Every structure is written in C-alpha cells, then in structure tokens.
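Notebook open, model loaded. I wanted to go through the surface first, then the pocket, then the overall fold.

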Amino acid sequence: MAKHKKRSPLPIYAIALVWVIFTLVHPLYQVSDYVTVILISAVVFIVTKGIFPTVEYELPDAPEDQARQEPPKEEVKEEAKAEEEPAPSEAAQEAKAEEEPPSTGDPKIDALIQERDRAVGEMRRLNDAIEDAEISRRIDQLEDATGKIIDQVVAHPEKLPQIRKFMNYYLPTTLKILNAYDRMGAAGVSGENIDGTMHRIETIMDTIVMAFHKQLDALFRDEAMDIASDITVMETLLAQEGLAEDPPAFS
C-alpha cells in the first residue's frame, strides 16, 4: 500500500478572495497597504488550513511498483535454500581436507604422489578380487615395493629421472597384466587361451617382483657409494690413530 496526501485548495482560494476584497475596499497605494494585505492573507491561510487540513489516504501499489519491490522468485528460492542448507560442519571440512593431499609445490612430485595412490589402490582392489593365494602374496610385495620406490623419489626429487621407465612402462604394464588375470579368472571357464595366459602370468610374477625390488635397490646406489666411501675413510683414520686395525689392502 502506498500513502498519498490530498491538500485542500480552499486556503489558496481564501487568500485570493482576501486580495480581491481588500483592493476593492482599500486600493493599494502604499507599502503599508501591501504589508497589511499580506498579514491578513497569512492569518486567513492559517485559519482555513486548520479548518481544511491535508488528508492522507492509502492506495494499492501499481503492478510495476510491486514488481520492483518484490524480489525475483529465483532469488527468494535461493535464499530459502541457503537458509535450509546447514553450514558444513568442522568434521566435514576436515574430511574434505584429508581427501585432498597437500601440495608439495612441485607439480611433477604432486602428480607422482597421485599416481602412487592410484596404483596402490588398484593393486589392493585386484588383491581382493583375485583368489589365488600365491598371486595375492606377490601383489602384496608389489604394493609394498611400489610405495617405497615412489616415497623415496618424493623425499629426493632429483631421483625422478631414475624411475621414468618404471612409471611409464613397468608399473602400468604390471597393472594391465594383473587386470587381465582377474578378468580371465572371473570368466569361470577353462580353455587353451585362458589357461595358457593365466599360467604365463603366474610364471612371470616372480620376475616382476624381483624387478621392482631391483628398482628400489637402484635408488640407494648413490647413497650406498657415499656410505662406502665414508666407511673407508673412517677405517683409514682409525688405523692411523691406532684405534683400529690397519685398513685392508686394495689390489
């Protein structure tokens, strides 16, 4: 509803009448005449204004005014929805933070960590799906070696080039082979192709596990050489100080 004011025109008419009557009775020749008629007009205006005051009344808003005042229905729905939906709890926020691992600041290492989690997760899924106990034991070994290999590179990013072939070929191909073994075993039928392929996979698993272990051992090659040098120097110094036997002679 909109408020409106209606002012009575009678006070204006009364002032006009005062001027007409005054000029007929007493012509305006002097300044005092004008002052007198103005004062009389003011008194008449106040009196008639009190008799006929301004009237206030309300009218319904026009359709366009209502449209401007009322918010769009879409906004009302969104506000209502926002009020209904509770703010995420601290537990939910913490769970989301745990799902998103923190960045190391190195995109290559971040991608390596994601690939580690994906590969290890896939191995665990295959391990649960494959019933063969021997294959399951080999998968446990592969999962352990894969995690240690990648963790070693995450701790020492300069070693990333050493596992490029491992990440690009050996690891994905191993997962492909194990997935094939899982599908063929789940087929539930026996045949020349299925039996022969599954047997070859069972045979090569020992070789794959050994290769993963060698890859892990290779990452410690430089560290092993440094430690070996430190040991040699320490043996020599201890022998010179008479604190140990003479260092072994090198041919």
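**Surface patch**

I looked for nonpolar surface first and found a patch made of L10, I12, Y13, F45 and I46, with about 510 Å² of accessible area together. My areas are Shrake-Rupley values with a 1.4 Å probe, and for residues only the protein chains shown count as cover. For patches I took residues with over 30% relative accessible area and no salt bridge, joining nonpolar side chains (Val, Leu, Ile, Met, Phe, Trp, Tyr) within 5 Å and like charges within 9 Å. A salt bridge here is a side-chain nitrogen of Lys or Arg within 4 Å of a carboxyl oxygen of Asp or Glu.

This is a predicted model, so I note the limits: local features need pLDDT of at least 70, side-chain atom pairs count only at pLDDT 80 or more, and totals for chains, interfaces and linings use all residues. Residues are numbered from 1 along each chain as its sequence is written, and side-chain values use heavy atoms, with hydrogens and water left out.

Which helices feed the patch? Helix 1 (10-25) and helix 2 (31-51) each give at least two residues, and helix 1 has the largest share, with three. Helices (H or I, at least four residues) and strands (E, at least two) are DSSP runs, numbered from the N terminus.

**Two phenylalanines**

I checked F45, which sits in helix 2. Its relative accessible area is 31%, so F45 is partly exposed. My classes are buried under 20%, exposed over 50%, and partly exposed in between (1.4 Å probe, protein chains only).

F166 lies in helix 8 and counts as buried because its relative accessibility is 2%. I also took a C-alpha distance: F166 and T146 are 20 residues apart along the chain and separated by 9.7 Å.

**Largest pocket**

The largest pocket holds about 170 Å³ of space. A pocket is an open set of points on a 1 Å grid over the protein atoms alone, where a 1.4 Å probe fits, with protein on both sides within 12 Å along at least five of seven lines; lining residues have an atom within 4 Å of a point. The volume is the space filled by probe spheres set on points joined across faces, edges and corners.

I listed the lining as K176, I177, A180, T197, R200, I201 and I204. Helix 8 (164-187) and helix 9 (192-218) each supply at least two of these residues, and helix 9 gives the largest share, four. By type, the lining has four nonpolar, one polar and two charged residues.

**Overall**

I noted 10 helices and two strands, running β-α-α-β-α-α-α-α-α-α-α-α from the N terminus. Of the 251 residues, 24% count as buried.

Conventions
Nonpolar A, V, L, I, M, F, W, Y, C, P; charged D, E, K, R; others polar.
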